[in-house]
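Please look through the sequence and the model below before reading on. The paragraphs that follow start with the whole chain, and then turn to particular parts of it.

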Amino acid sequence: MAPPPVHTSVETTIHSSRGVVDQYANVDWDKLRYGVIPTDYMYVMKCSKEENFFEGKLIPYGNIELSPSAGILNYGQGLFEGLKAYRTEDGNIQLFRPEQNALRMKMGAERMCMPSPSVEQFIDTVKQTVIANKPFVPPPRKGALYVRPLLMGSGPLLGLAPAPEFTFLIFASSVSDYHKGRPALDLFVEGKVHRANPRGTGAQSRAKARGFSDVLFLDSVNGKYAEEASACNIFMVKNNVVSTPAIHGTILPGITRKSIIDIALSFGYEVEERLIPFEDLLEADEVFCTGTAVVVNSVGSVTYQDKRYIKIVKKILFSLSFHGS
């Protein structure tokens, strides 16, 4: 059977259960957190470096076997994507712009000297995985099914080279909101440790231990420009201008980021992708973060050099983004 056509709409409906009473997994949805909940199935597809991905299969969720000399273990030849499936009030299950994840995986795979599934294959296999794990898609407004596609050099090798075999694997987990229970984010500005830097590890754990939601990293060259938080992109709104740091190699080209830019333009905002001095955030009308995990989340405060700056959460574009998407 040929794979389905590529969907370019903002939301892709993958399943409709109108008129059907769904059977849910044995999960306490009210106590759901952002962590790993094993589902029933995962999807696996393999190919050699001379081939293209062709056909895979759903298998029970579980551990995988790898050679000790696998490329992913020895040389880090691998990458991952992340997207969510949501259950709507009318019984549908929807994905958010999965073709963008597929295109980003292809871009990353080329840089890592790996074959990748086609856009059509990516979307079709994600759909299969979600439908197979339908009981784990939370009820409306209770969370989402987080879908994690992995592409890795799984074949054995000793010298530094592309692996002889590659594995495309998709697993999923029921998750709550990433920052559940926080009406707005409290960011700690990290001015000494840089994310895209050999010393850029551990900062998030230290910040969370102090009660902050996340870390906002500054650039490693000048130490004055906002880059992104550890798990999300950042935006600011001033008057009719929406600004976000420009992508230049150390900032993730987020799909939610791209979507917010599209929404802002459709509402008549001017959009700037530029260097953003930290001080500009303090003068903004609104600051918010975006990402697959955090979705869109307002920033309530930023703390820099032990001084806390309170942001009045106006939620101008923040509110429009939810209604517009």
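**From the whole chain to single residues**

The buried residues of helix H5 are Ile-255, Thr-256, Arg-257, Ser-259, Ile-260, Ile-261, Ile-263 and Ala-264, and, like everything described here, they belong to a predicted model. For the wider setting, the protein chain holds seven helices and 18 strands, and 50% of its 325 residues count as buried. The chain exposes about 15900 Å², of which carbon and sulfur atoms supply 54%. If we take the contacts between residues at least 6 apart in sequence, 70% of them join residues that are at least 24 apart.

Helix H5 covers residues 255–266, and because each residue should add 1.5 Å, its twelve residues should span 16 Å, which agrees with the 17 Å between its end C-alpha atoms. After H5 comes Gly-268, whose phi is positive, near 90°.

Within H5 lies Arg-257, and one may ask why this residue counts as buried. The reason is its relative accessibility of 4%, since a residue is called buried when this value is under 20%. Leaving aside neighbours within four places in sequence, Arg-257 is in contact with Asn-233, Phe-235, Thr-244, Pro-245, Ala-246, Ile-247, Leu-252, Glu-273 and Thr-290. With Thr-290 the separation along the chain is 33 residues, while the two C-alpha atoms are 6.0 Å apart in space.

Helix H3, at residues 119–132, can be checked in the same way, because at 1.5 Å a residue its 14 residues should span 20 Å, and its end C-alpha atoms are indeed 20 Å apart. Its buried residues are Val-119, Gln-121, Phe-122, Ile-123, Thr-125, Val-126, Lys-127, Thr-129 and Val-130.

Which residues touch the most other members of the largest nonpolar core? Among its 34 residues, these are Val-126, Val-130, Leu-151 and Phe-168. At least two residues of this core come from each of strand E2 (41–48), strand E5 (83–87), strand E6 (92–96), helix H2 (98–111), H3, strand E7 (144–153) and strand E8 (165–175). H3 gives the most to this core, with five residues.

Phe-168 shows how such a core residue meets others that lie elsewhere in the sequence, for beyond its neighbours within four places its contacts include Tyr-43, Met-45, Phe-53, Met-105, Phe-122, Pro-149 and Leu-151. There is also a second, separate core of 20 residues, and among them are Ile-234, Phe-278, Val-294 and Val-302.

Technical notes:
Residues numbered from 1 in each chain as written. Predicted model: local features only at pLDDT ≥ 70, side-chain atom pairs only at ≥ 80, totals over all residues. Heavy atoms only, no water. Helix = DSSP H or I, 4+ residues; strand = E, 2+ residues; numbered from the N terminus. Expected span 1.5 Å × (residues − 1). Buried < 20%, exposed > 50% of the residue type's maximum accessible area, 1.4 Å probe, protein only. Core = buried A, V, L, I, M, F, W, Y, C linked by side-chain atoms within 4.5 Å. Contact = heavy atoms within 4.5 Å. Areas by Shrake-Rupley, 256 points an atom, 1.4 Å probe, with all protein chains shown as cover.
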